[in-house]
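The exercises below concern one protein model with a bound ligand. Work through each task with the sequence and coordinates open, then compare with the solution.

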Amino acid sequence: MTATAQSYVCGVSDTPLIYQTIGRALDEAVRRFGDRPALIVRRQNLRMTYAAFASAVDDFAAGLVALGLQTGDRIGIWSPNNAEWVIAQFATARLGLILVNINPAYRTSELEYVLNKVGARALILARSFKTSDYVGMLGSIGAHKLPQLEQAIVISDAPVEGYRRFADISALATPALRERVREIGDTLSPDDPVNIQFTSGTTGFPKGATLTHSNILNNGRFVGARQRFTEDDRLCIPVPLYHCFGMVMAVLACVTHGAAMVFPDEAFDPASVLDAIEQERCTALYGVPTMFIAELDHPSFKGRDLSSLRTGVMAGAPCPEAVMRRVISDMHMRDVTICYGMTETSPVSFQSLPDDDLEKRVSTVGAIHPYVEVKIIDAEGRITPRGTQGELLTRGYSVMRGYWGDAEKTRESIDEGGWMHTGDLAVMGDDGYCRITGRVKDMIIRGGENVYPREIEEFLYTHPAVMDVQVFGVPDEKYGEEVCAWIRLHDGAAIVDEEIRAFCKSRIAHYKVPRYIRFVGEFPMTVTGKIQKFVMRDAMTKELSAPKASAG
Ligand code: AMP
């Protein structure tokens, strides 16, 4: 195999990596863009320039020093999107505290697990969100079950009994404490951990991916660079801050380019996104495919003026071609990019270029990011030839430190060569662009045949009644595993499973034809719009093992 025929790419750039802490990057933003808009939070009616934002960051950081928090301490944040979240992100980074992102959808047992796993000394929490009474839930866990947690800071305008509020902490700032914040900043290294993000979503038990200043600052900067961000850009951010998509790809991309961060709401709502784009004249928009679909389908979409939009990112899941076409034509996002990555790699490894043609933007995840290496390996660990599917591995500045307090899981994920094993299946083309073709763990082994769910899904999409489909394996006595499909039909479509099977019969191999088919209204999803196949698998396994379960 010649070198070029191997599934290996390495990203290059004219711009070197920056070896800086996040605190220093904020100083630079203030120096270059001090009077430019930094933060617009519509729900809170709040607008800050970079200078005002940095001042709010310093006040809160000074307050955290007053509380006795020290470099290296872990501090949790459990809140939907708001100004305090972004201020806390930079205030903690300024002090070298490690911010632990907690999913707003978590309930008590998950909260207890993650706080204890990282030994958090403090927690910043919203008063409540949707049906979650955060203060009530924290209280119900009981202090004895959270032995390391010393402080809780609540985000609330009104007083909350027994709690100090975010604003009360900022009010502790004095000139001396602010000076102390500066001194602490001088002692930090870009290689220090600054953030822990629990990844579970599609695979079960949460693991704390630990990321450094250098990891996420550089990644955010390159994500912005590929969209050609400048201080004239205004990014609409409906994606959650607790995930890399929000705090890295959005927040750090803006701060490193002086662009404005526009938060339409505390959580995703298509109408507030459309309002924010129109009223703030946003130039860029982020989202997972399901968010773009909801915006395009909104009853008010037609009358909207979205002509200010130019670019943005669609990521997290494969983008359907029809959606991409409408995002470009009806939302005016001609330079929209596709990103692929995972939390453990800060997160982005591939991103399309604004001028890649539509075909490339829908069928691949784009070109390799600067200073990142990717290779694709087969089941024996050998590099595959281009065009051959295998597992995608990533190496470079972007690979996390490891999973917090879990050396074994870290060793299972990052090999001795420094490669992060993503668990994603991919094919690399001759041009180095990659297609994501499934998950290693999703692969179904039916009677010794490897079945790739993605392939069957793509096929079932071609049936006119099928709107959306998910394929996965369920345990089977005879074959080890059997193929199961959950299907969402188009409105008004009436069809039975036998018709689906008949449609498959002459077109795909018999062992790929789903043995079990269910028609459902929706799929189980994480807050970030990722489909949870393990939930479907569990439900089906239960159903099939119940007495008198019948096939199909
Ligand atoms: P997370 O760590 O939550 O960001 O999830 C990362 C996973 O999302 C990856 O390992 C992929 O399985 C999936 N993913 C991310 N971006 C894409 C994309 N553009 N296309 C397909 N799958 C993606």
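**Exercise 1.** Which residues does T311 touch, not counting residues up to four places away in sequence?

*Solution.* Start with the conventions. The model is predicted, so local features need pLDDT of at least 70 and side-chain atom pairs count only at pLDDT 80 or more, while totals for chains, interfaces and linings use all residues. Residues are numbered from 1 along each chain as its sequence is written, and side-chain values use heavy atoms, with hydrogens and water left out.

Step 1: T311 touches Q227, F229, T283, A284, L285, M333, D335 and V336, where a contact means heavy atoms within 4.5 Å.

Step 2: T311 belongs to strand 14 (residues 311-315). Helices (H or I, at least four residues) and strands (E, at least two) are DSSP runs, numbered from the N terminus.

Step 3: T311 counts as buried because its relative accessibility is 0%. Buried means under 20% relative accessible area, exposed over 50%, and partly exposed in between (1.4 Å probe, protein chains only).

**Exercise 2.** Determine how strand 15 is paired and how the chain reaches it.

*Solution.* Step 1: six of the seven residues of strand 15 are buried.

Step 2: five bridges link strand 14 and strand 15 in the parallel sense; two strands pair if DSSP finds at least two bridges between them. G312 has V336 as its bridge partner in strand 15.

Step 3: from strand 14 the chain passes through helix 12 (residues 321-329) to strand 15, a right-handed β-α-β crossover. Right-handed here means that, with the strands pointing away from the viewer, the path from the first strand over the helix to the second runs clockwise.

Step 4: strand 15 also pairs with strand 16 (residues 348-351), in the antiparallel sense over three bridges, and G341 has V348 as its partner in strand 16. Strand 15 and strand 16 form a hairpin with six residues between them, and S346 in the turn has a positive phi of about 75 degrees.

**Exercise 3.** Describe the surroundings of the ligand.

*Solution.* Step 1: the shell holds 13 residues, the closest being H243, C339, T343, D424 and K530; a residue is near a molecule if one of its heavy atoms lies within 4 Å of it. Strand 15 (residues 335-341) supplies the largest share of this shell, three residues.

Step 2: list polar contacts, which are pairs of N or O atoms within 3.5 Å.
- C339: a backbone N or O atom is 2.8 Å from a nitrogen atom of the ligand.
- T343: a side-chain N or O atom is 2.7 Å from an oxygen atom of the ligand.
- R439: a polar side-chain atom is 3.3 Å from an oxygen atom of the ligand.

Step 3: the ligand taken alone exposes 500 Å², and the protein buries 85% of that. Areas come from the Shrake-Rupley method with a 1.4 Å probe.

**Exercise 4.** Is strand 6 enclosed or left open? Place this strand in its sheet.

*Solution.* Step 1: strand 6 (residues 122-126) is largely enclosed by the rest of the structure, because five of its five residues are buried. A122, I124 and A126 cover one side, L123 and L125 the other.

Step 2: strand 6 pairs in the parallel sense with strand 4 (residues 74-78) over four bridges and with strand 7 (residues 151-155) over five. I124 is the bridge partner of I77 and of I153.

Step 3: the open sheet has eight strands in the order 8-7-6-4-5-9-10-20, with mixed pairing. Strand 8 (164-165) and strand 20 (402-403) each have a single partner strand, so one side of each lacks a neighbour in the sheet.

Technical notes. Polar contact = N/O pair within 3.5 Å; in protein donor to acceptor, adjacent residues only side chain to side chain.
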